[in-house]
Amino acid sequence: MKFFKNAPRVFGCAAFAFALLLGATAGRADEGLNALYQKAKAEGKVVMYTSVPTFIVDQWRSQFEARYPGVKLEYFRSGTGKVLARINAEKSAGQLHGDMVWVADATAYVHFAKEGMLASYKTPEWDHIPFGKDPGGYFVTGRFLPGVIFANTKETQDFPASWSDLADARYKNKVVMASAVVSGSTTVMVSSLVHDAGLGWQFFQKLKDNGVLILQDVPDVARAVASGERPLGITLTLYKYQAEYKNSPIKIVFPKEGPILMSSPIALFAKAGHPNAARLLYRFLLSKEAQEVLSQSGIYPARDDVAGPEGLPPLGQIKQKAIIPDSDWMVAHWTDVKSQWRGMFGR
Amino acid sequence: MARHVRPLTPRGTAGAGGLRAALGRQGWFAPAALVLGGGFLFLSLYPYARLVLASLRDGGAFTLAHYLNVARHDYLLSTPLLHSLVVSAATAVLSTALGTLLAWLAVRTDLAGRHAMTAFVAIPHIVPSFQLASSWIVLFGDAGIVKSVTGLTPFPAYGVAPLVAVQTIHLTVFSYLNVAGALGSLDPSLEEAARAGGLNARQVLRRVTFPLMLPSILSGMLLAFAYSMAEFGAPILLAAPAGFGTLTTQIYELSTAPPLQFGEAAVLSLLLGVLALAVMAINLRLLARGSFVTVSGKSSSGEITRLRGLRAPLAALAWIWLTATALAPLAALVLISLLGSWGRGFGPGNLTLAHYSTMLASHTLTNALWNSLALALGAAALAAATGFIAAYGAVRLKTAWGAWLDRMSFVNFATPGLVVGIAFVLAFSGPPVNLFGTYWILLFGYFVRFAGLAVRGVSANLRQLSSELEEAGLVCGLGRSRVLARITLPLLRESLAAGFLLVFVNAIKEVSMTSLVASQGTETLAYEAFLRYSDGDYTVGSAYSVLMVTIALVGSLIIARRSRLASGELSS
């Protein structure tokens, strides 16, 4: 009897307590961000080491510093290789100056994690990223770079239907690509085509026999195709969206197997000088605002609730039919891939 | 009244007044030598020591694994080494031949327009070599300007020949400046005596002038060889697509392409250093065989050879070559900076000033401009001063420290900028000497990397000056420092100015070391250009390059004009 008289009160208290709890956990994401911001303000700045194009990082800097006044974004930007060289050299010198790293080469992160250089940090933003997440929380995809075929429409209308078509005799002396030894993204693409797409090394032997031109890095390939030096090239989608290629006669060809979907992860350094500011920036870079900047520049954002680049199929569609590089295989075979390439192409 | 002849030692007797007084009597030379020379030795040896350590360490343990690894693999050592040696030797020989010929034409003949020659020879050096290589591809490639205008491809775009051609054009200035300077200060009494003895002009040239010029010619050849060995911008663009690499492209790959093989990169870099020392030793051996002393205080009157019948054809050939090599790369560079979109031809419809607007709107531009100028001028001043001290110490005083300065400056000159960058990060971005994020790390980096240019030129010039002039000064009662200031330095003016100019130009356009060592706020114009290039943004990058080249050009003209470089005028 007593129970039923007090039930509404008990139930009400329970409901209220539950609502409080619910409200607390739901709001924790924003509360956490605010608390993080306050701690970051005390640190004053964050230093990012990255290979993301400068004009994108500059946009992020304006947005970040506007949203979080008092926290400055400093960055060291260079090619992936040089950023890694500097990190390595600083580590040898005994003092790492960067707080976080974002380069195109996914295997570097596996290496960093093994050396204990990274900090584990899983955030609510991870829920929006469909794949490419390290189970230990040490790194997560920040952007996807699809490897595709560029075709110069003024020089040719005969587009390859699949990746293996590129090695066809009718494309003799018409193909250009970057070196798998120098260009990190090309190493990933070559590994993927050899292993994950099952084309094997014979594919590249045939390309070589057909006189494929090997340039240094993927931007050079984009230039070579755009200028008409070679009508077909293997490179990344983002170059078509750069100012000097917007009106170039380039067509992005998605072979029937799909593009090679490479993930470019983002991670925090364990011994960061500004750990809280770094976390703040990390969360910002995975936020909708920052990820939209990527779309506008022809790069696929990691988040599935942000639209992909204009004119390209959405990520959800590509994901179903794409060549996804097997990171574990790559890490295990990285040097083998390079030696094979070297043996085949001379350097 | 008879003059008391003082001994040829510093004034006063040692011991009177103690060490401090003795040092005081030395004037400025000793402390300057200590600060600059000592500073340079520290800045060059300490990073190198860290590099040696890196070659012997794997993780924490000491090991010879990197050395064994390098020796074991052909692609790491023997193949690229062979390519490097062949390309550099060819470049050295060709550029020296060209430079010497042009210098002689400029200083000793009545060739039309010879007073403007220095500028034209220097321009291809002011343009960074990777730009020259890019311009070559833009001009002669399958999608190039020459092909779109004439339908022909007269020269291959990639391969050994283009690489040697581009580097030769880039480095002709070394021997040109060295030889022109030496010719300008040459005492012609030996030549006059030979003519009086019955030799004709050609014989005099071959048997008297040319041998006397040997130190300068060798100096220029050495510099070109070392520079070419350390180059990787041009080899990567021109040689790699043709399937071959050099030691430097190998070092670049080992240290920037994952998995990073730092140890092996360090081993190859040390090998470059050893090669540099070997080449230097050969040079010294060749010079030790004779005396090249020419300027000995007697009056000189520059003798001009009249070209007569050969005047017109030589002028035509020389000026076609000079204009082509100076203007074509500049034109290609400017064209790229104005290009609207790739693949739509090079006509006026596809040209735009948008890239310049983008560059001018950048908030880092003024900072980069200021940094470029200040760092380059600072490094040039330090290098010229150290060049003098090193040359004097090595050639005149014949001291061990002088010889070491000479060696280390040359070794660093033969070291790729990327390696100097890595060594500097290893040495100076953490304790005990932490210069991270400062301008100093860049300034010292340029200083250490390029001082060799000044040291070589001044050494060669000093070898030609008889010590009679200085001894005369000492006899008249001047202390050593006064002698240096009032006799030696003015005689060395041309080579000092040439050294200053070369270091200024090289520091302004330096990219590989800068790209590793610069931090936010210490970027230079060349670095901003490089950033754009590596983003694939060639057009805006070229706009930055055009600005950088313009500033370097203007700076060079001012320096050359003020020191009346290679104008054939007397230097004393």
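Contact here means heavy atoms within 4.5 Å. The model shown in these views is a predicted one.

**View 1. The surroundings of B:Thr415, a buried residue in a loop of chain B.** Once its neighbours within four places in sequence are set aside, B:Thr415 is in contact with B:Tyr48, B:Ala230, B:Val420 and B:Arg449. With B:Tyr48 there is also a polar contact, made from side chain to side chain at 3.1 Å. The backbone position of B:Thr415 falls in the loop that joins H18 to H19 of chain B, and the relative accessibility of B:Thr415 is 1%, a value that counts as buried because the limit for that class is under 20% relative accessible area.

**View 2. The interface of chain B and chain A.** The contact draws 53 residues from chain A and 51 residues from chain B, and the two chains bury about 4,700 Å² between them, with 53% of that area on carbon and sulfur atoms. How many residue pairs are in polar contact across the interface of chain B and chain A? The rule finds 17 such pairs, with both residues of each pair at pLDDT 80 or more, whereas the count of salt bridges between chain B and chain A is zero. On the side of chain B that touches chain A, at least two residues each are supplied by helix H13 (247-256), helix H19 (417-428), helix H24 (512-517), helix H25 (525-535) and helix H26 (538-563) of chain B. Sorted by class, that side of chain B has 27 nonpolar residues, 18 polar residues and six charged residues.

**View 3. Chain A as a whole.** The secondary structure of chain A consists of 11 helices and 11 strands, and its C-alpha atoms fill a box of roughly 90 × 55 × 40 Å when the box is taken along the principal axes. Of the 347 residues in chain A, 57% are buried, while the accessible surface of the chain comes to about 13,900 Å², with 54% of it belonging to carbon and sulfur atoms. Among the contacts in chain A with a separation of 6 or more, 75% are between residues 24 or more positions apart.

**View 4. A salt bridge within helix H2 of chain A, between A:Asp58 and A:Arg61.** Side chains of opposite charge can pair when their charged atoms come close. The side chains of A:Asp58 and A:Arg61 meet in a salt bridge with an N to O distance of 3.4 Å. Both residues lie in helix H2 (residues 54-67) of chain A and are three residues apart, about one turn of the helix. Are the two partners buried or exposed, or partly exposed? A:Asp58 is partly exposed, with a relative accessible area of 24%, whereas A:Arg61 counts as buried at 12% relative accessibility.

**View 5. A network of salt bridges in chain A.** A:Asp158, A:Asp168 and A:Arg170 are linked in a network of salt bridges, and within this network the side chains of A:Arg170 and A:Asp168 meet at 2.7 Å, N to O. A:Arg170 counts as partly exposed at 39% relative accessibility, and A:Asp168 likewise counts as partly exposed, at 33%.

**View 6. A salt bridge in chain B, between B:Arg311 and B:Asp110.** The side chains of B:Arg311 and B:Asp110 meet in a salt bridge at 3.6 Å, N to O. Because B:Arg311 lies in helix H15 (residues 311-338) of chain B and B:Asp110 in the loop between helix H4 (78-108) and helix H5 (117-126) of chain B, the pair ties together parts that are 201 residues apart in sequence. B:Arg311 is partly exposed, with a relative accessible area of 35%, while B:Asp110 is buried, with a relative accessible area of 12%. Over all chains, the count by this rule comes to 15 salt bridges.

**View 7. Two loop residues with positive phi, A:Asn173 and B:Lys398.** A:Asn173 is not a glycine, although its phi is positive at about 60 degrees; A:Asn173 is found in the loop between strand S5 (140-152) and strand S6 (175-178) of chain A, and it counts as partly exposed at 45% relative accessibility. In chain B, B:Lys398 has a phi near 55 degrees, again a positive value in a residue other than glycine. The place of B:Lys398 is in the loop between helix H17 (365-396) and helix H18 (400-413) of chain B, where B:Lys398 is exposed, with a relative accessible area of 64%.

Notes
Residues numbered from 1 in each chain as written. Chains lettered and ligands numbered in written order. Predicted model: local features only at pLDDT ≥ 70, side-chain atom pairs only at ≥ 80, totals over all residues. Heavy atoms only, no water. Buried area = accessible area lost by both parts, 1.4 Å probe. Salt bridge = Lys/Arg side-chain N within 4 Å of Asp/Glu carboxyl O. Polar contact = N/O pair within 3.5 Å; in protein donor to acceptor, adjacent residues only side chain to side chain. Helix = DSSP H or I, 4+ residues; strand = E, 2+ residues; numbered from the N terminus. Nonpolar A, V, L, I, M, F, W, Y, C, P; charged D, E, K, R; others polar. Buried < 20%, exposed > 50% of the residue type's maximum accessible area, 1.4 Å probe, protein only. Areas by Shrake-Rupley, 256 points an atom, 1.4 Å probe, with all protein chains shown as cover.
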